[in-house]
Amino acid sequence: MTDTSEASTDQFFLRGNYAPVPDELAEFDLPVEGAIPPELDGWYLRNGPNPRQATAHWFAGDGMIHGIRIEGGRAAWYRNRWVRTDSFENDFPVYNADGTRNLRSSVANTHVVNHAGKTLALVESSLPYEITNDLETLGAYDFGGKLVDSMTAHPKICPTTGEMHFFGYGNIFAPHVTYHRADADGELTVNRPLDVPALTMMHDFAVTANYVVFMDLPIVFNLDIAIKAETDMPYRWDDNYGARFGVLRRDDPHGEVRWFDIDPCYVFHVANAFDTAGRIELTAVRYPELWRDNGGFDAEGVLWRWTIDLSAGAVTERQLDDRAVEFPRIDDRLATLPARYAVSVGDNRLVRHDLSTGDAVEHAFGTAETPGVPGEAVFVPSTSGPADESSGWYVGYVYDPARDGSDLVIIDATDFTGAPVARIKLPQRVPFGFHGNWISAAL
């Protein structure tokens with residue numbers, strides 16, 4: 001993984017393929033190496049920072065969506081567009097002078113999800129921004145005035161009920177975190193505050209068929225750093241804060257949250273969680289420590305599993321592998337349920353872990369001299385084959401340093417280590433970014 005331990009002074013995110021691209025393009029009928037599966041009919045959209053000027057941190061860059069429309073076995077177009085939030089042209093702070101938040105101040109740079117017919121660009125500090133699948137910004141979305149909170153960049157959509165679960169955090173004053181739920185039609189139905197002792201950086205959480213699991217971890221808002229106007233994130237590791245998981249029943253969203261202490265650590269991203277026989281199994285990328293002295297990324301995360309025994313009131317935890325990885329993804333049709341595979345980004349390769357056996361295989365890119373660098377891989381299920389995790393494709397952007405350009409790569413899930421079935425050649429490089437999704441034209 002990239003060593004950026006001096007991120008507050010060494011702005012790595014302005015160099016190499018982290019550096020922003022200056023132009024918004026629209027190119028049609030893109031060249032393809034190999035053959036695009038004719039079943040693929042939809043949009044691949046991925047979000048990430050693309051700052052228009054020097055920023056305080058990689059996380060602070062203006063959001064840009066890079067999208068490809070695939071239909072009829074061809075790459076119909078590539079577009080990239082900044083998300084034009086209310087603060088895009090006329091910058092204003094997230095926090096007002098009285099400590100309250102302006103939820104329309106946003107860089108909208110972390111994720112893009114589709115629910116109930118709406119495509120939303122997300123960053124956890126603000127309201128979501130609705131965009132079209134052609135990447136035009138429609139405006140801030142507050143669920144008809146019912147959401148007066150920020151929205152996590154990692155909502156979970158239940159494949160059984162169609163509900164979207166999410167939370168907001170960021171209030172300097174309690175409640176620091178609030179759990180929300182929208183039904184399958186996009187109607188906001190639950191707004192429930194959580195009792196946490198301080199403003200922690202709660203980036204992700206987990207949902208199972210019966211429970212919601214919150215992660216109250218020891219990276220905490222630091223007012224001294226926040227008021228210094230330095231180039232850094234206003235959060236730091238706190239040895240005295242502790243670490244715990246909070247478990248809430250889905251069928252009683254205003255009921256008791258049961259808290260379970262765990263060993264101190266930090267988690268940016270959950271792979272999946274499910275419940276079975278009185279236990280919750282949660283798999284995520286774990287960092288033993290992060291952001292003690294600065295908001296850099298010198299630590300490496302590896303895949304771990306926590307077993308929450310609801311009867312015994314205890315948690316066991318174990319490391320699944322020693323490979324440094326991030327951005328784990330599963331077949332989203334199995335979110336909340338037992339999924340066999342999780343695909344993560346490693347050093348110049350994708351790693352697919354078999355969560356049932358513990359085995360792992362890798363797909364490397366480029367050559368030993370000039371290895372390609374993949375981003376997050378999203379699973380796209382086949383519409384004609386078996387409804388399982390091996391029937392479909394993994395898609396994602398891959399940077400080719402040999403030509404300083406990027407491709408959209410399509411890998412057959414039945415042959416994960418084999419050559420990609422297609423490489424769509426893009427008209428410009430796609431800077432390293434965060435998360436995206438495949439949006440089927442059938443939705």
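Select Leu 120 and Glu 130 to start: Glu 130, in strand E8, is the bridge partner of Leu 120. The model on screen is a predicted one.

**Stop 1: strand E7 and its two partners**

Extend the selection to residues 118-122, which make up strand E7. Is E7 mostly covered or mostly uncovered? Strand E7 is mostly covered, with 4 of its 5 residues buried.

Now add residues 129-131, strand E8. E7 and E8 run antiparallel and are joined by 3 bridges. The two strands form a hairpin, with 6 residues between them.

Go to the other partner by selecting residues 111-115, strand E6. E6 pairs with E7 over 5 bridges, in the antiparallel sense. Pick out Val 113, and opposite this residue, in E7, you will find Leu 120. Leu 120 thus has Val 113 opposite it and Glu 130 of E8 as a bridge partner.

E6 and E7 also form a hairpin, here with 2 residues between the strands. Select Ala 116 in that turn; its phi is positive, at about 55°.

**Stop 2: Glu 376**

Move to the loop between strand E28 (373-374) and strand E29 (378-381), and select Glu 376 there. Is Glu 376 buried or exposed? Glu 376 has a relative accessible area of 2%, so it counts as buried, the cut-off being under 20%.

Show the side chain of Arg 329 next. A polar contact of 3.1 Å links this side chain to that of Glu 376. Then display the backbone of Gly 436: its nitrogen is reached by the side chain of Glu 376 at 2.9 Å.

To see the surroundings, select the residues that Glu 376 touches beyond four places in sequence, among them Tyr 44, Phe 327, Val 345, Val 395, Phe 434 and His 435. Arg 329 and Gly 436 are also in this set.

**Stop 3: the second largest pocket**

Keep Arg 329 selected and add Ile 157, Asp 332, Arg 333 and Asn 437. What space do you find here? The second largest pocket holds about 1,100 Å³. These five residues are the closest to its centre among the 49 that line it.

Colour the strands that line the pocket. E6, from the first stop, supplies at least two residues of the lining, as does E29. Strands E10 (156-157), E14 (206-207), E24 (326-329) and E33 (436-440) do likewise. Which strand gives the largest share of the lining? Strand E20 (266-276) does, with 5 residues.

Finally, colour the lining by class: 27 residues are nonpolar, 13 polar and 9 charged.

Notes:
Residues are numbered from 1 along each chain as its sequence is written. This is a predicted model: local features need pLDDT of at least 70, side-chain atom pairs count only at pLDDT 80 or more; totals for chains, interfaces and linings use all residues. Side-chain values use heavy atoms; hydrogens and water are left out. Buried means under 20% relative accessible area, exposed over 50%, partly exposed in between (1.4 Å probe, protein chains only). Two strands pair if DSSP finds at least two bridges between them. A polar contact is a pair of N or O atoms within 3.5 Å; within protein, one must be able to donate a hydrogen and the other to accept it, and residues adjacent in sequence count only if both atoms are side-chain atoms. Contact means heavy atoms within 4.5 Å. On a 1 Å grid over the protein atoms alone, a cavity is a set of points where a 1.4 Å probe fits but cannot get out, and a pocket is an open set with protein on both sides within 12 Å along at least five of seven lines; lining residues have an atom within 4 Å of a point. Grid points are joined across faces, edges and corners, and a volume is the space filled by probe spheres set on the points. Ala, Val, Leu, Ile, Met, Phe, Trp, Tyr, Cys and Pro count as nonpolar, Asp, Glu, Lys and Arg as charged, and the others, Gly among them, as polar.
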